[in-house]
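I opened this model to take notes on its strands and on one side chain. My entries follow in the order I looked things up.

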Amino acid sequence: MSRRSELASAVATIKAKRNGAVPRVGQVELTDKTLYLNVAIKGQAGTVGIVDVNTKREVGVTNIDGNKLNAGRDYIIDSIRVLRGSGSGTLKNEIWDNTNINSNKQFDGTFLNAELRIKQDGNVLIDMPMTDLLGDTTNFFRSISTSPLIRSNLEFEIEIEYPKGVSVTAASDTNVRFEFRVHQAKR
């Protein structure tokens, strides 16, 4: 069985058994995981890479280490959410909530009109507006129906593209947390 068909089989099994543990599918061991990345967006404009080769794992800031997964470990993205910081802390001690556009504490308008992209090997895996990732409860995760696969040993990018000619206001002390629910497939 090829690596791609093993992973496709794993995705099908995951979707079929969402509420149960699926420790192995063929030769693939599966683990539920949430990747997170805290970002200070103050003053950002244009296209900003938020994960690159210099991204270092640091507890409280991100559990992503670089922009290439170790050999034999792939991530299948299940869902994403964006949380807003309270503005009372640094990236390490921020209080995160799911404040959205209908509340008193709002995201900067430039950020709301930006787009999030995940790319790998010339392919766009995810491309959606920020407003699509904001919900109205603290448990909201936006499901990703295509189950995109970030493959090991290939560089990937996560970026925010802001509308042309505008930037997140410098007065905005907004910290943002991206959370990606994934299934880690380990061979």
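Which backbone nitrogen lies 2.7 Å from a polar atom of the side chain of Asp74? I looked it up in this predicted model. The nitrogen belongs to Ser152.

**Entry 1: Asp74.** I then asked where Asp74 sits. Its place is in strand S4, which spans residues 73–85. Is Asp74 buried or exposed? I found a relative accessible area of 0%. The cut-off for buried is under 20%, so Asp74 counts as buried. I note the pair again: the Asp74 side chain offers the polar atom, and Ser152 offers its backbone nitrogen.

**Entry 2: around S11.** From S4 I moved on to its partner. S4 and S11 pair in the antiparallel sense, and I read 11 bridges between them. S11 covers residues 175–186. How many of its 12 residues are buried? I got 10, so I have written the strand down as mostly covered, by the under-20% cut-off. Strand S2, residues 28–40, also pairs with S11. That pairing is antiparallel too, over 12 bridges.

I picked Phe180 in S11 as a reference point. Leu35 stands opposite Phe180. Ile80 stands opposite Phe180 as well. A general reminder for myself: strands of a sheet pair through backbone hydrogen bonds, either parallel or antiparallel.

**Entry 3: the open sheet.** What is the strand order in the open sheet of 4 strands? I read S3-S10-S6-S7, with antiparallel pairing. Its edge strands are S3 (47–51) and S7 (123–129), and each pairs on one side only. Neighbouring strands here are turned by 25° against each other on average, direction ignored.

I followed one edge inward. S3 runs antiparallel to S10, residues 156–161, and 4 bridges join them. Which residue in S10 is the bridge partner of Gly49? I found Glu159.

**Entry 4: the whole chain.** I finished with the totals. I counted 2 helices and 11 strands. From the N terminus on, the elements run α-β-β-β-β-β-α-β-β-β-β-β-β. Of the 187 residues in the chain, 47% are buried.

For contacts, I took those with a separation of 6 or more. Residues 24 or more positions apart account for 75% of them. The chain exposes about 9700 Å². Carbon and sulfur atoms supply 45% of that area.

Notes. Residues are numbered from 1 along each chain as its sequence is written. This is a predicted model: local features need pLDDT of at least 70, side-chain atom pairs count only at pLDDT 80 or more; totals for chains, interfaces and linings use all residues. Side-chain values use heavy atoms; hydrogens and water are left out. Buried means under 20% relative accessible area, exposed over 50%, partly exposed in between (1.4 Å probe, protein chains only). Two strands pair if DSSP finds at least two bridges between them. A polar contact is a pair of N or O atoms within 3.5 Å; within protein, one must be able to donate a hydrogen and the other to accept it, and residues adjacent in sequence count only if both atoms are side-chain atoms. Axes are lines fitted to C-alpha atoms, for helices over the stretch in contact, and angles run from 0 to 180 degrees between N-to-C directions. Contact means heavy atoms within 4.5 Å. Accessible areas come from the Shrake-Rupley method with a 1.4 Å probe; for residues, only the protein chains shown count as cover.
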